[in-house]
Amino acid sequence: MELQARCLCVVAMLLVAGLAALEPAHGAGECGRVPVDQVALKLAPCAAATQNPRATVPASCCAQVRAIGRNPKCLCAVMLSDTARKAGVKPGVAMTIPKRCAIANRPVGYKCGPYTLP
C-alpha cells in the first residue's frame with residue numbers, strides 16, 4: 001500500500017512539474033515540437049521502475065519507452081529532464097528501462113549525458 005501511495009505521489013509531482021513547465025514550443029527540440037517536459041509526463045507508468053532497478057517494469061511503461069525511444073535524443077532528454085529529476089527519477093536506473101523492457105531495437109551504447117544506454 002505504501003508503494004502505491006509513493007507512486008501516486010511521484011505521478012502527481014510529474015503532473016504538477018510538467019504543467020508548471022509547459023509553455024508554447026517555438027521550434028523543434030529534442031522531441032520535435034512537443035516540449036520535453038510534456039513528453040516526460042507520458043512516462044508516469046514508469047515511476048517505480050525509474051527508482052528501483054529490481055522493480056517490475058509495467059507493460060504500459062514499456063510501450064511509452066518504445067514509442068519515445070524511436071528518437072534516442074528525445075528519450076535521453078526526457079530521462080534527464082527537470083520534470084524527471086523533480087519526480088525523483090534516478091537517471092542511471094531509468095537508462096536501464098529499455099533493456100529491462102527487452103526492446104530489441106533500442107539504441108544500445110547511445111551516450112546520454114554521463115550515461116550510456118545498455
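What follows is a conversation between a visitor and a guide about a predicted model of a protein.

Visitor: What should I know about how this model is treated?
Guide: Residues are numbered from 1 along each chain as its sequence is written, and side-chain values use heavy atoms, leaving out hydrogens and water. As the model is predicted, local features need pLDDT of at least 70 and side-chain atom pairs count only at pLDDT 80 or more, while totals for chains, interfaces and linings use all residues.

Visitor: What makes up the secondary structure?
Guide: The protein has seven helices and two strands, in the order α-α-α-α-α-α-α-β-β from the N terminus. Helices (H or I, at least four residues) and strands (E, at least two) are DSSP runs, numbered from the N terminus.

Visitor: How many disulfides are there, and what makes a pair of cysteines count as one?
Guide: There are four disulfides. A disulfide is a pair of cysteine sulfur atoms within 2.5 Å. In chemical terms, a disulfide is a covalent bond between the sulfur atoms of two cysteines.

Visitor: How do you know that C31 and C74 form a disulfide?
Guide: Their sulfur atoms are 2.0 Å apart, and the cut-off is within 2.5 Å, so the pair qualifies. C31 lies in the loop between α1 (2-21) and α2 (36-40) and C74 in helix α4 (residues 72-79), so the link ties together parts that are 43 residues apart in sequence.

Visitor: Why is the disulfide of C31 and C74 called right-handed or left-handed?
Guide: The torsion about the S-S bond is about 100°, so this disulfide is right-handed.

Visitor: What about C62 and C101?
Guide: The sulfur atoms of C62 and C101 are 2.1 Å apart, and the two form a disulfide. Here the torsion about the S-S bond is -85°, and the link is left-handed. C62 sits in helix α3 (residues 59-68) and C101 in the loop between α7 (97-100) and β1 (111-112), so this pair joins parts 39 residues apart in sequence.

Visitor: And which elements does the disulfide of C76 and C112 connect?
Guide: With its sulfur atoms 1.9 Å apart, this disulfide links C76 in helix α4 to C112 in strand β1, 36 residues apart. The link is right-handed, with 105° about the S-S bond. Counting bonded cysteines along the chain, the disulfides of the protein follow the pattern 1-5, 2-3, 4-7, 6-8.

Visitor: Why are C76 and C112 called buried?
Guide: Buried means under 20% relative accessible area, exposed over 50%, and partly exposed in between (1.4 Å probe, protein chains only). C76 has a relative accessible area of 11%, so C76 is buried. C112, at 0%, counts as buried too. Across the protein, buried residues make up 38% of the 118 residues.

Visitor: How do you know whether T50 is buried or exposed?
Guide: T50, found in the loop between α2 and α3, has a relative accessible area of 7%, so T50 is buried. Contact means heavy atoms within 4.5 Å; leaving aside neighbours within four places in sequence, T50 is in contact with V89, K90, V93, A94 and I97.

Visitor: What does I97 touch?
Guide: Not counting residues up to four places away in sequence, I97 touches C46, A49, T50, V57, C61 and V65.

Visitor: Which residues touch the most other members of the largest nonpolar core?
Guide: Of its 27 residues, they are V57, V65, V78 and I97. The largest share of this core, six residues, comes from α4. A nonpolar core is a set of buried Ala, Val, Leu, Ile, Met, Phe, Trp, Tyr and Cys residues joined through side-chain atoms within 4.5 Å. In soluble globular proteins, nonpolar side chains tend to be buried together.

Visitor: Why can you say where the buried residues of α3 lie on the helix?
Guide: The buried residues of α3 are C61, C62, V65 and I68. Seen down the axis of α3, they fall within an arc of 135° (taken from the directions from the helix axis to the C-beta atoms), so they line one face of the helix. These residues pack against α2, α4 and α7.

Visitor: What makes P107 count as buried?
Guide: P107 is at 17% relative accessibility, so P107 counts as buried. P107 is found in the loop between α7 and β1. Not counting residues up to four places away in sequence, P107 touches P72 and L117. The C-alpha atoms of P107 and L117 are separated by 6.8 Å, though the two are 10 residues apart along the chain.
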